[in-house]
Structures are given as structure tokens and as C-alpha cells.
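Please go through the side-chain contacts, the helix faces and the backbone geometry of the structure shown here, working out each answer step by step.

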Amino acid sequence: MKNKFLKILFDLSVIIIFSPIIIIILLILSLLVYFNIGFPIFFIQKRSGINGIPFNLIKFRTMHINGKSDQERLTSFGSFLRKHSLDELPELINVFKGEMSLVGPRPLFLEYNNLYDDYQRQRLLIKPGITGLAQIYGRNNITWEEKFALDINYVNNSNIFMDIKILLISFFRIISDKNVYDNENKFVDKFKGTKSSKK
């Protein structure tokens, strides 16, 4: 979205309008995380924001603290949260703080900043989002190259109508099992860079 002020206004308007529902859902999910997984309720991790600036990403915790592997630590309730992207809802706090947008490229690990080529680095030109084109068109079932292509497509072509479309599709997938991808709970291989730069 070319007008940054309009995008900020849109994000805050959506959050404020739906704040009563958002607060209730966050409270209910917080209680469910506590009773199913325990404290801490939230998982906080440094991620890369606009221009690669780090910020603290806030998500619902989906794993036990102790365990040998991520697969063993992932709980059944945590798996449900991930499948429906409900673990991402606390990121609305990041949006309210101005660190993220509702729609945009997903915030990735800080270590990836040094692995991007010039083409891929374009994804850092805007704020990361809770959802985006890569999330509605494949998420964990597409390659890193496909994800980056969708991210950069959004960076270069985003507008208010695209944001609304992405949010509506994302909402539909949260409340329905239809079109929820089978491999959503698999642990994706880390990005290790690409051999050839894309111009």
C-alpha cells in the first residue's frame, strides 16, 4: 500500500472496531493456553521488522518448555492453535504498537537478514504482517522462493482492497477447516539463502 498513513489508519481502525470481540477471544484463548499448557502463556521472540529492525514478536505458546525436540514439545492444543493460526492473534499487540501491520510479509528470524539477495531483501521495505499473500496461498506447503515471490508481489502492488481480500480469506480459514493446509504443523526447514541472486 503506497500510502503508509492510510495503511496505519486502516490497521488501527480494524483493531478498534473489533476490539470487544478481539479482547474476549484473547482472554478465552489465554485461559485455554494456561489450562492446557501452563505458564508462560505467551511466546516472545526477536524477529525482523521493517528495514530489518528487530522487535519482540508476541504469540500464544504452543509447546511445553521441556522436551528433546520441537515435535515432542508441541502439544495437541498447540497444534490446534497453529492449524487455525490462533497462536498469531497476540500479534495484534505488535500491530497496535506500530511494529507490524495486519497484512504484510511474515516477520522472519533476524539471522535471515544477511542471507537475502537484493530481490528478497525487498520484503523488508514494509512492516511485516500477521497474514499475507504467502499465508493464503500455501503457507508451509510452498517453497521459500515462492513465499518470497508472493511477499514481494505484495510489497510492490498492495492496496486497501488487497488487504481487505487477504483479511477476509484469512478469517474464513480461521473459523473453518476448509482450505486449512494439511502440513500446517510441520516444522519448516530454515532458510539458508539462495545460490543465485534474482535481479
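Q: Which lysine lies over the face of Phe 109, and at what distance from the ring centre?
A: In this predicted model, a charge is taken to sit over a ring when the NZ atom of Lys is within 6 Å of the ring centre and within 35 degrees of the ring normal. Phe 109 has such a partner over its face, and the residue and its distance from the ring centre are Lys 190 and 5.3 Å.

Q: Which lysine lies over the face of Trp 144, and which aromatic cluster includes Trp 144?
A: The face of Trp 144 is covered by Lys 147, at 4.6 Å from the ring centre. Trp 144 also belongs to one aromatic cluster, whose members are Phe 109, Tyr 112, Tyr 116, Trp 144, Phe 148 and Phe 191.

Q: How are the rings of Trp 144 and Phe 191 arranged: stacked, edge-to-face or tilted?
A: The structure holds twelve aromatic pairs, and a pair is described by the distance of the centres and the angle of the planes. Planes under 30 degrees apart would count as stacked and those over 60 as edge-to-face. For Trp 144 and Phe 191 the centres are 5.6 Å apart and the planes stand at 55°, so the pair is tilted.

Q: How many residues apart are Trp 144 and Phe 191, and are they buried or exposed?
A: Trp 144 is in helix H7 (residues 144–157), whereas Phe 191 is in the segment after helix H8 (160–175), so that the pair links distant parts of the chain, 47 residues apart. Trp 144 has a relative accessibility of 18%, and Phe 191 has one of 4%. Buried means under 20%, and therefore Trp 144 counts as buried, and Phe 191 likewise counts as buried.

Q: Which residue forms a salt bridge with Asp 87, and in which strand is that partner found?
A: Side chains of opposite charge can pair when their charged atoms come close, and the count for this model comes to nine salt bridges. In one of them the side chain of Asp 87 meets that of Lys 59, at 3.6 Å from N to O. Asp 87 is in the loop between helix H4 (76–83) and helix H5 (91–96), while Lys 59, 28 residues apart from Asp 87, is in strand E2 (residues 54–60).

Q: Are Asp 87 and Lys 59 buried or exposed, and which residues are linked with them in a network of salt bridges?
A: Both Asp 87 and Lys 59 are buried. The network of salt bridges to which they belong also links Glu 88, Glu 91 and Arg 106.

Q: What is the closest N and O distance between Asp 118 and Arg 121, and how exposed is each?
A: Asp 118 forms a salt bridge with Arg 121, the closest N and O atoms being 3.2 Å apart. At 55% relative accessibility Asp 118 counts as exposed, whereas Arg 121, at 33%, counts as partly exposed.

Q: Which residues of H2 are buried, and what arc do they fall within?
A: The buried residues of H2 are Ile 22, Leu 26, Leu 29, Ser 30 and Val 33. Seen down the helix axis they line one face of H2, because they fall within an arc of 110°.

Q: Which exposed residues are on the face of H2 turned away from its buried side, and what covers the buried residues?
A: The buried residues of H2 have a cover that includes H1, strand E1 (42–48), E2, H4 and H5. The face turned away from the buried side carries the exposed residues Ile 24, Leu 27, Leu 31 and Phe 35.

Q: Where is the cis peptide bond that involves Pro 40, and what is its omega?
A: Most peptide bonds are trans. Pro 40 is found in the loop between H2 and E1, and the cis bond joins Phe 39 and Pro 40, with an omega of about -10°.

Q: What phi does Ser 85 take, and is Ser 85 buried or exposed?
A: Most residues other than glycine have a negative phi. Ser 85, in the loop between H4 and H5, has a positive phi of about 60° although it is not a glycine. With a relative accessibility of 16%, Ser 85 counts as buried.

Conventions
Residues are numbered from 1 along each chain as its sequence is written. This is a predicted model: local features need pLDDT of at least 70, side-chain atom pairs count only at pLDDT 80 or more; totals for chains, interfaces and linings use all residues. Side-chain values use heavy atoms; hydrogens and water are left out. Rings of Phe, Tyr and Trp (its six-membered ring) pair if their centres lie within 6.5 Å; planes under 30 degrees apart count as stacked, over 60 as edge-to-face and the rest as tilted. Helices (H or I, at least four residues) and strands (E, at least two) are DSSP runs, numbered from the N terminus. Buried means under 20% relative accessible area, exposed over 50%, partly exposed in between (1.4 Å probe, protein chains only). A salt bridge is a side-chain nitrogen of Lys or Arg within 4 Å of a carboxyl oxygen of Asp or Glu. The arc is that of the directions from the helix axis to the C-beta atoms. Contact means heavy atoms within 4.5 Å.
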